[in-house]
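The exercises below are meant to be worked with the sequence and the coordinates open side by side. Each one gives a task and then a solution in steps.

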Amino acid sequence: MSLWEATLRGRLARLEQEGRLRSLVPVARAVDPVLERDGRSLINFSSNNYLGLANHPELMEAARKGVQRGAGATASRLIVGHDEETERLEQEIAAFKGTEAALVFGSGYMANVGVLSALLQRGDAVFSDKWNHASIVDGIRLSGATLFRYRHQDMDHLEAQLRQAEKKGIRRKLIVTDTVFSMDGDVARLHDLVALKERYDAALMVDEAHGGGVFGSSGEGAAHHMGLADQVDLHMGTFSKAFGVVGAYVAGNRTWISYLVNTCRSFIYTTALPPVVIEMIRTSLRLVREAGDRRTALRQKAARFRNRLKMSGLNIGPSETQIVPLIVGDVHATVKLSQSLMESGVLAVPIRPPTVPEGTARLRFSLMATHTDEHLETAIAAIERAVRTGGVTIYD
């Protein structure tokens, strides 16, 4: 056995011993509220298809139409140019977000890693909420900027760090935050962040991956919902969650977007999204704008689910959105609880460190507008039964 083979086997064995070994599982009908896994039907609480658009017939028709223009984009946009529909899409995104310009990316990870590593340079300071998504963390690591990682939602800590940066003579400062935090389901304190940004002459970038489509009168995101969109310097969002497709965007003024076109490595050195995906995103953008009833249904179902778990004395953390964690703590107990729910026909996968901090392993429930009342009641009853009979202590 080679040294590498022995090393990797040892690392995998350690992950398994710690209850952190993950594996890939094939499923069918993942776009539906009920999916098929290992030959069983499971109510799907692990999807980010918040508005239930991923299987919308108009998206299927858009795919059929888009593929007529070719299966692939053939090269990066700065080499071969781009499909004319891509230009129309970026104009539509800019109008949707109320910005001068927008730029499409292949995924949210590529957008955050590329944008942050392009904007920030050595000598700059970046202020990042401790629970921001891994793509933000990785983009900052690549940038060489000085990182100030403030305690989750702690504005006093952030302001102290801003003062510290000023004392060091750092002029360019960027605050970056998720608007909806993906593991806790709470919403960023954007009013406070805007006030601090203006007080300390910083810039503000928001990640609307889990807020886009869900918040705002037309699904623009949490910043629009709070009336703060114009105070945000750069909006980032994805099309892979509430929009039901794939891809991502950044939107801002022309100078920022032009700079990214010229410097963002994950944009420059990547083959463009194919016409079929662009066509589907354009259609999903329209569907999201028209999805007021679905947003209302999602809010009502999420509130009902949260309230019922709270009434049962369970720990759902600070959740105030469609993302509802059930915080267990112990990794092995979390895995056991997830397996118990699967036996009752409910899929809620365990989220373990390093995705979440040590001691906060959890089940993460993602609500969908297309869940029925029966789906919710079945899940709530299964959770209460699994906790009662499983010997798992997770009460708040």
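**Exercise 1. Place S128 in its surroundings: in which strand is S128 found, and is S128 buried or exposed?**

Solution. S128 is found in strand β5, where strands (E, at least two residues) and helices (H or I, at least four) are DSSP runs numbered from the N terminus. S128 has a relative accessible area of 3% and is therefore buried, the term meaning under 20% relative accessible area, with exposed over 50% and partly exposed in between, for a 1.4 Å probe and protein chains only. Leaving aside residues up to four places away in sequence, S128 touches I136, I140, L147, F148, R149, Y150 and V176, contact being heavy atoms within 4.5 Å.

Before going on, note that this is a predicted model, in which local features need pLDDT of at least 70 and side-chain atom pairs count only at pLDDT 80 or more, while totals for chains, interfaces and linings use all residues. Residues are numbered from 1 along each chain as its sequence is written, and side-chain values use heavy atoms, with hydrogens and water left out.

**Exercise 2. Describe the open sheet of seven strands: what is the strand order, and which strands stand at the edges?**

Solution. The order is β4-β10-β9-β8-β7-β5-β6, with mixed pairing; two strands pair if DSSP finds at least two bridges between them. At the edges stand β4 (101-105) and β6, each of which has a single partner strand, so one side of each is left without a neighbour in the sheet. Direction ignored, neighbouring strands are turned by 20 degrees against each other on average. Within the sheet, β5 and β6 pair in the parallel sense over five bridges, and D129 stands opposite Y150 in β6. Helix α7 (residues 155-167) packs on the sheet, where α7 touches β5, β6 and β7 (173-178), and the direction of α7 makes about 160 degrees with that of β6; such angles run from 0 to 180 degrees between N-to-C directions, with axes fitted to C-alpha atoms, for helices over the stretch in contact.

**Exercise 3. Classify the aromatic pair of F127 and F148, and then that of F239 and F243: which is stacked and which is edge-to-face?**

Solution. A search of the whole structure finds eight aromatic pairs, the criterion being that ring centres of Phe, Tyr and Trp (its six-membered ring) lie within 6.5 Å, with planes under 30 degrees apart counted as stacked, over 60 as edge-to-face and the rest as tilted. F127 and F148 are 4.9 Å apart centre to centre with 15 degrees between the planes, and the pair is stacked. F127 lies in β5 (residues 125-129) and F148 in β6 (residues 146-150), so the pair ties together parts that are 21 residues apart in sequence. Both F127 and F148 are buried. The pair of F239 and F243, at 5.2 Å centre to centre and 90 degrees between the planes, is edge-to-face, and F239 and F243 are both buried. Ring pairs also link F239 and F243 with F96 and Y249 into a cluster.

**Exercise 4. Trace the pairing of β3: in which sense does β3 pair with β2, and in which sense does β3 run with β12?**

Solution. β2 (residues 34-37) and β3 (residues 40-44) pair in the antiparallel sense over four bridges, and L35 has L42 as its bridge partner in β3. The two strands form a hairpin with two residues between them, and D38 in the turn has a positive phi of about 50 degrees. Two bridges join β3 to β12 (residues 346-347), and these strands run parallel; in β12, V346 is the bridge partner of I43.
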